[in-house]
Amino acid sequence: MANIKSQIKRNRQNERRRLRNKAVRSEIKTRIKGAVRAAEDGTDASVEALQAAVKRIDKAAAKGVIHKNQAANRKSRLMRRVAALTAESSGASES
């Protein structure tokens, strides 16, 4: 355990930030799952779910919770996944 006053404060700050970052990362994962699930179901809310997920990813990158390149990679993967699911579901309905 730290004896230095500034290090004790730094440890408290780091713990608060860790918990805040954990909550943000968890919400990103939840929003991504929601967007993918909505795309699988082919509901009208899939566009809103996708926008919400992208918004949360961008916010996390702006706050420094995740790196901007990580945010770009996550958005790219999400978009490809949703596009594939929507193409798959629209193709199945045409047959």
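How many residues apart in helix 1 are Arg31 and Glu27? They are 4 residues apart, which means that about one helical turn separates them. Residues in this predicted model are numbered from 1 along each chain as its sequence is written, and local features need pLDDT of at least 70, side-chain atom pairs count only at pLDDT 80 or more, and totals for chains, interfaces and linings use all residues. Side-chain values use heavy atoms, without hydrogens or water.

**View 1. Arg31 and Glu27 are partners in a salt bridge within helix 1.**
The closest N and O atoms of this pair are 3.1 Å apart, and a salt bridge here is a side-chain nitrogen of Lys or Arg within 4 Å of a carboxyl oxygen of Asp or Glu. Arg31 is partly exposed, because its relative accessible area is 31%, and Glu27 is also classed as partly exposed because its value is 29% (buried is under 20% relative accessible area, exposed over 50%, partly exposed in between, with a 1.4 Å probe and protein chains only). The pair does not stand alone, since Glu27, Arg31 and Arg56 are linked in a network of salt bridges. The structure as a whole holds 4 salt bridges.

**View 2. Glu15 and Arg18 form another salt bridge in helix 1.**
Here the closest N and O atoms are 2.7 Å apart. The two residues sit 3 positions apart along helix 1, about one turn of the helix. An α-helix has 3.6 residues a turn, so residues three or four places apart point the same way. Glu15 has a relative accessibility of 36% and therefore counts as partly exposed, while Arg18, with a relative accessible area of 42%, is likewise partly exposed.

**View 3. Asp58 and Lys75 meet through their side chains in a salt bridge.**
The N to O distance in this pair is 2.7 Å. Asp58 belongs to helix 2 and Lys75 to helix 3 (residues 68-94), so the salt bridge ties together parts of the chain that are 17 residues apart in sequence. With 34% relative accessibility, Asp58 counts as partly exposed, and Lys75 is partly exposed with a relative accessible area of 23%. Lys75 can also be located relative to helix 1, because the view includes Val36: these two residues are 39 residues apart in sequence, yet their C-alpha atoms are 12 Å apart in space.

**View 4. Helix 1 runs over 37 residues and includes a set of buried residues.**
From the first C-alpha to the last, helix 1 reaches 55 Å, close to the 54 Å expected at 1.5 Å a residue (the expected span is 1.5 Å times one less than the number of residues; helices, H or I with at least four residues, are DSSP runs numbered from the N terminus). Among the buried residues of helix 1 are Gln13, Val24, Ile28, Ala35, Ala38 and Ala39. Ile32 is buried too, with a relative accessible area of 17%, and its C-alpha atom is separated by 8.3 Å from that of Val54, a residue 22 positions away along the chain. Val36, which also lies in helix 1, is buried with a relative accessible area of 5%. After helix 1 comes Gly42, whose phi is positive, near 75°.

**View 5. Nine residues, including Arg17 and Lys63, form a positive surface patch.**
The other members are Lys9, Arg10, Arg12, Arg16, Arg20, Lys55 and Lys59. The elements that give two or more residues to this patch are helix 1 (5-41) and helix 2 (46-63), and helix 1 gives the most, with 6 residues. Patch residues have over 30% relative accessible area and no salt bridge, with like charges joined within 9 Å and nonpolar side chains (Val, Leu, Ile, Met, Phe, Trp, Tyr) within 5 Å. Arg17, in helix 1, counts as partly exposed because its relative accessibility is 39%.

**View 6. Lys63 of helix 2 can be followed across to Val24.**
Lys63 has 62% relative accessibility and therefore counts as exposed, whereas Val24 is listed with the buried residues of helix 1. Although the two residues are 39 residues apart in sequence, their C-alpha atoms are 9.8 Å apart in space. Lys63 is also one of the residues that make up the positive patch.

Key. Areas by Shrake-Rupley, 256 points an atom, 1.4 Å probe, with all protein chains shown as cover. Lys, Arg positive; Asp, Glu negative; His and termini not counted. Charge placed at Lys NZ, Arg CZ, Asp CG, Glu CD.
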